[in-house]
Structures are given as structure tokens and as C-alpha cells.
Amino acid sequence: MIRSATAAQGAGVAPGAAVLTPDNRDQVLDLLTGALRTGVDVKVREDIYDAPRVTPEELRDLIVDDLPEGSVDAAAVVDEVRRRILPYCKNEASPRFAGFADTGADVAALAGAVLAVFAQQNLINQSFDSPSATFVDVAVLRWLRDLVGYANPPVGKVADVWDVGGVVTQGGTGSNAVAMMLAREHAGPGTMRDGVRDPGRFKLVVPAGIGHYSVKGALAWIGCGESLLEVPVSGYRYDLEALRRALRAHRGEVMGVVAYAGDSRTQTVDDLAAVHDVVRGQDPGIWLHADACWGLLCAFTDRLRHKIDGIELYDSITVDAHKVMEVPYTLSALLVRDPGVLRTITTYSDLIMRETFAFGQVTPFTGSRAWESLKLWAMMRARGRAGLAAMAEHRLDTVAAFSALVDTHPRLARLHDPDLTAVVFAYLPSGHDPARPDVERLNRVNRAIHDQVLREGRWHLHQFSLADGGRVAPGAEVWPLRFLGGNARTTADHLAELVGEVARLGRLHDTP
Ligand SMILES: Cc1ncc(COP(=O)(O)O)c(C=O)c1O
């Protein structure tokens with residue numbers, strides 16, 4: 001028998017014992033049940049953290065070490081993860097994690113995620129790599145297309161991947177990058193073959209101050225350089241006249257326009273139909289991309305649906321299930337109005353089978369790909385249209401309740417009327433006058449509140465810079481706080497407690 005050096009020293013685990021086999025089935029099941037119990041207990045915890053907050057350097061020194069010489073069994077490893085690493089992980093499913101809501105807590109999605117890990121399919125090819133999983137991708141993409149208003153061919157007419165009209169990606173950034181490749185190839189057919197020769201004709205229009213960095217990054221990654229054209233906004237939506245002027249001034253140079261169905265700050269949904277009309281009116285050849293990472297929520301309920309009217313006219317749409325559907329990381333999709341357009345950005349490889357349903361032909365940047373779609377399929381299958389609507393409406397109710405608390409508090413002010421689940425608000429220092437604001441003091445107190453919230457780790461709120469639309473310090477760059485009402489566990493008591501906490505910290509840090 002061949003033994004490794006460590007095994008010879010008596011500290012090695014026999015290779016056969018390290019993998020799942022019929023012989024160790026019951027022990028492995030016990031181990032995994034224990035790991036699952038730990039995972040479930042993490043998620044149902046009220047607290048965000050299970051240990052006092054420590055610095056990154058302390059965590060570095062706690063976790064980063066040399067590969068040990070000796071072996072331990074998997075149960076010891078699970079125990080070590082439980083003790084040494086998990087207590088410091090954030091629990092975004094905590095009802096006090098109120099700045100984002102990537103809870104990953106949908107029950108069916110969790111089951112789908114676990115099963116997908118065990119199934120170990122590879123979505124790069126269909127026939128031998130993911131015989132049935134490929135069609136779960138197809139089913140989910142068609143459900144999403146249907147929700148945003150893109151037409152689907154009858155199932156029997158889906159003859160290959162080119163008839164599907166979308167790709168599953170690992171996040172909104174990936175989806176947006178694919179959209180930018182499509183825009184570039186649309187503006188300069190053959191760029192995939194010849195490379196970018198004239199970056200000046202690949203300009204991208206984005207709304208000033210609220211664009212997400214992912215499209216800027218994508219332009220750099222695909223060789224278009226720094227070619228953003230930022231157009232002024234009004235109320236966190238395109239100033240349509242300014243948009244028209246910019247397109248006129250840069251006629252022949254603009255490859256695409258990005259509109260946000262829920263930007264990453266206030267989640268304002270742009271007037272998608274009006275933006276479409278302005279862009280098409282100026283140049284029908286410009287690629288129109290809707291970033292609906294957040295705005296997908298509108299497709300779930302009639303209370304919101306009208307806000308994304310016109311999205312179905314856009315050439316491409318990004319949706320992000322891990323942001324708005326409580327699906328564990330990661331799951332996003334890029335949907336395209338004309339399914340065949342994905343052919344323009346394919347690359348040939350004889351390593352990826354040229355078979356009809358091999359998604360590897362359609363997914364730029366990606367070779368082997370995990371079966372991420374099963375968790376979303378499970379979530380949507382379990383909830384159905386009625387469940388999706390109920391989820392969206394519950395969030396709107398949470399947002400309305402939080403907004404009301406902010407509005408009735410003398411020291412708090414909202415910076416916008418929420419379209420979706422974000423409420424951006426600020427603590428107003430004593431004596432604050434919006435007509436003559438002390439912006440430095442306003443920002444100082446709100447930044448101090450945010451710092452302390454993160455440092456203590458009992459709550460979580462988000463913070464970023466934003467040009468004030470006129471409510472607290474007109475036109476100034478402010479650093480407000482953001483609440484996100486996307487957690488099904490957040491109760492009225494949590495909301496009241498959170499507002500009380502922000503007010504307490506505000507009083508504490510409000511020094512002239
Ligand atoms: C509007 C918008 N687009 C794209 C992204 C990127 O998404 P992801 O983090 O899934 O890559 C985000 C993330 O916050 C976003 O808010």
C-alpha cells in the first residue's frame with residue numbers, strides 16, 4: 001500500500017475516508033446534518049455577529065496561517081469553522097441588518113442551493129455536463145423574461161441556446177459587462193474579431209452621480225477605456241432635455257445608454273419609456289440597457305409594475321436575484337430583447353461542444369459554471385406569482401412604515417420619496433436650516449452615526465455620498481444613511497428601535 005509521508009507519520013487521513021462513498025454514507029450524513037444545523041442557526045440568529053467586532057488585522061492573524069502538516073477529520077474542520085470563522089461572519093438575514101437585504105434566506109432557494117452543490121453539474125455543456133440542469137437555466141431565464149415583458153417563443157420552438165434570450169451570471173456586474181459587450185459589438189460590428197480601434201465611438205451615457213461602478217469597470221475590461229458620458233439628473237432620474245442635448249452633441253459616438261430601474265443609492269426608477277423615446281428619437285442605433293438589479297421587484301406586483309413600463313423596449317436588462325429575491329449568493333441574469341443577438345459576442349472553442357444547448361457558447365468570461373439557477377428556480381417555483389407579489393408588497397409596507405417613523409421624527413429627514421425598498425435619510429443637527437445648511441456638520445454627525453453603527457455591529461445601515469435633491473442641503477454632497485426594507489423578519493418593533501438608536505447616536509455626535 002502506498003502511504004503519504006504524513007500518513008506514514010500516523011497523522012494522515014486515508015484517501016478513501018476523505019471522500020463520500022457508500023461505506024461512510026451514514027457518518028457523512030451526520031456530519032452534513034450538523035453543518036446544516038449550524039448554518040440554519042446562523043441565519044435564524046437575531047444578532048448580526050456572534051462575537052465582538054474585531055479589526056481586520058486581528059482577523060487576519062486569527063485566520064491566515066500555514067498549511068498544517070497533519071490531517072484532521074472533516075468533523076474537526078466543521079467544528080473549527082464554527083468556532084474560529086463563523087462567529088465573525090455577518091448574518092445578513094438578521095432583522096437588524098437594515099442597510100442591505102441579501103438575506104439568502106428563502107427556504108426553497110436554500111434547498112435548491114444545497115442540492116445543486118451535490119449534483120455538481122457544469123453548465124458549460126449540456127449533453128454530458130448538465131443534461132437536465134441546462135433546462136433549469138432555460139426555464140428560469142424564460143420566467144424572468146416573461147416577468148419583464150420580453151416575448152418568449154413557445155417551448156417547442158426553443159431549438160438551441162440562441163433561442164433562450166439570456167444568460168445566468170454571477171452578479172449584476174457580470175450581467176452589465178455582457179450588456180456592454182453587446183453594445184460595443186452593436187456599435188462596431190467585428191470588434192470581437194478586430195479589437196477596439198477607435199474607442200471614441202464607444203461612449204456610454206450614464207446618469208451623473210448615481211451610475212453603478214460596474215458599467216465603468218466593464219468599459220475598461222472590454223477595451224473601451226474611460227468613455228463615460230455623465231448626463232445631469234433631476235430627482236435621481238435623467239434630465240431628459242440634458243440627455244437629448246448630450247446625444248445630439250455626441251452624435252455617432254454613443255454606443256449605449258444605461259437607465260436605472262432602481263439605482264444603487266436611492267433605488268429611484270427612471271422614466272424608462274421617456275428615456276427610450278428620447279434615445280430612439282436621436283439615434284435608433286444606440287444600445288439601450290436597463291439595469292434592473294433592484295427594479296425587478298416591480299415586475300412582481302401591480303402596485304409597482306407601472307414604474308417599469310417601457311422596459312420591454314430596451315435591448316438588454318440586468319436583473320439580480322440575490323439582491324431582491326432572498327436567494328443565496330450568487331445569481332444574476334442578463335436578458336436580451338432579441339435572443340439571437342447573443343451570437344454577436346460568442347467565441348469559438350472546440351473545447352466547448354458545438355452542441356445545440358451548450359451554454360458555454362453564450363457566456364462570455366465564463367467556462368465551467370456552477371448550477372446557480374436551481375436555487376432561483378426553487379424559489380420561484382415555491383412562491384409562484386402570488387408569492388412574489390406578496391413578498392414585494394410586504395416590503396412596500398415595511399418601507400412605508402419606516403418612512404412614516406422618519407417623517408414624524410423632528411431630527412430626521414428623508415431625502416427622497418422611495419420607489420422601491422430604499423429609504424435614504426439623514427439626522428439633522430440641532431438648529432439645521434435647509435436654506436442655510438451647515439453641510440460639514442450635517443455630514444460629520446451622519447458619518448459618526450454610521451461609523452458607530454458598524455463598529456458596534458448590533459445594527460447595519462448603509463451610507464454613501466449623494467447630491468441632495470433639495471430636502472436637507474440643496475445641491476450639496478451629503479452623506480446620509482440608508483435603510484432597506486427587504487427583510488421579511490423586520491418587525492414594527494425593529495423599525496421603532498432602529499429609529500430610536502439613530503436618534504440617540506445623532507444626539508451623541510451632534511457637536512457644533
Ligand atoms: C444598480 C446596480 N447594478 C449593478 C450592481 C452590481 O451587482 P453585483 O454586486 O451583483 O455584481 C449593483 C450592486 O449593488 C447595483 O446596485
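Student: Is Cys298 buried or exposed?

Tutor: Compare relative accessibility with the cut-off. Buried means under 20% relative accessible area. Cys298 has 0% relative accessibility, so Cys298 counts as buried. Keep in mind that this is a predicted model.

Student: Where does Cys224 fall, buried or exposed?

Tutor: Cys224 is at 2% relative accessibility, so Cys224 counts as buried.

Student: How many disulfides does the structure hold?

Tutor: Zero. A disulfide needs two cysteine sulfur atoms within 2.5 Å.

Student: Why is there no bond from the sulfur of Cys224 to the closest cysteine sulfur?

Tutor: Distance. The closest cysteine sulfur belongs to Cys293 and lies 20 Å from that of Cys224, which is too far for a bond. Cys298 is in no disulfide either. For Cys298, the nearest cysteine sulfur is again in Cys293, 13 Å away.

Student: On to the ligand. How many residues surround the ligand, and which are the closest?

Tutor: Begin with the shell, then look at single contacts. The ligand has 15 residues around it. Gly172, Thr173, Asp291, Asp320 and His322 are the closest.

Student: Which helices each supply at least two residues of the shell?

Tutor: Two are named here: helix H8, residues 172-187, and helix H14, residues 321-324. H8 gives the largest share of the shell, with three residues.

Student: Which atom of the ligand lies 2.7 Å from a polar side-chain atom of Asp291?

Tutor: For a polar contact, look for N or O atoms within 3.5 Å of each other. With Asp291, the ligand partner is a nitrogen atom, at 2.7 Å. Two further pairs use ligand oxygen. In one, a polar side-chain atom of Asp320 is 2.8 Å from an oxygen atom of the ligand. In another, an N or O atom in the side chain of Trp294 is 2.9 Å from a ligand oxygen.

Student: How much of the ligand's accessible area does the protein cover?

Tutor: Take the ligand on its own, then ask what the protein hides. Alone, the ligand has 390 Å² of accessible area, and the protein covers 85% of that.

Student: Which pocket does the ligand sit in?

Tutor: The second largest.

Student: Now the backbone. What should I expect before I look for exceptions?

Tutor: Most peptide bonds are trans, and most residues other than glycine have a negative phi. Departures from either pattern deserve a look.

Student: Which residues does a cis peptide bond join?

Tutor: Tyr329 and Thr330, with omega at about -15 degrees. Thr330 is in the loop between H14 and S9.

Student: What is the phi of Glu326?

Tutor: Near 55 degrees, a positive value in a residue other than glycine. Glu326 is also found in the loop between H14 and S9. Glu326 counts as buried, at 7% relative accessibility.

Student: And what is the phi of Tyr236?

Tutor: Near 65 degrees, again positive without being glycine. Tyr236 sits in the loop between strand S4 (233-234) and strand S5 (237-238). With a relative accessible area of 6%, Tyr236 is buried.

Student: Next, sequence against space. How far apart in space are Ala370 and Gln120?

Tutor: Set the count along the chain beside the C-alpha distance. Ala370 and Gln120 are 250 residues apart in sequence and 7.3 Å apart, C-alpha to C-alpha. Ala370 belongs to the loop between strand S9 (332-336) and helix H15 (373-408). Its relative accessible area is 43%, so Ala370 is partly exposed.

Student: How far apart are Asp79 and Gly34?

Tutor: Their C-alpha atoms are 9.5 Å apart, with their positions 45 residues apart in sequence. Asp79 is in helix H5, residues 74-85. A relative accessible area of 30% makes Asp79 partly exposed.

Student: What separates the C-alpha atoms of Ile317 and Ser465?

Tutor: 26 Å, and the two are 148 residues apart along the chain. Ile317 is part of strand S8, residues 316-320. Ile317 has 0% relative accessibility, so Ile317 counts as buried.

Student: Last pair. How far apart in space are Ala17 and Leu182?

Tutor: 48 Å, C-alpha to C-alpha, at 165 residues apart in sequence. Ala17 lies in helix H2, residues 15-18. At 53% relative accessibility, Ala17 counts as exposed.

Terms used
Residues numbered from 1 in each chain as written. Predicted model: local features only at pLDDT ≥ 70, side-chain atom pairs only at ≥ 80, totals over all residues. Heavy atoms only, no water. Buried < 20%, exposed > 50% of the residue type's maximum accessible area, 1.4 Å probe, protein only. Near = heavy atom within 4 Å. Polar contact = N/O pair within 3.5 Å; in protein donor to acceptor, adjacent residues only side chain to side chain. Areas by Shrake-Rupley, 256 points an atom, 1.4 Å probe, with all protein chains shown as cover. 1 Å grid on protein atoms, 1.4 Å probe; cavity = no way out; pocket = protein on both sides within 12 Å on 5 of 7 lines; lining within 4 Å. Sits in = over half its atoms within 2 Å of the grid points. Helix = DSSP H or I, 4+ residues; strand = E, 2+ residues; numbered from the N terminus.
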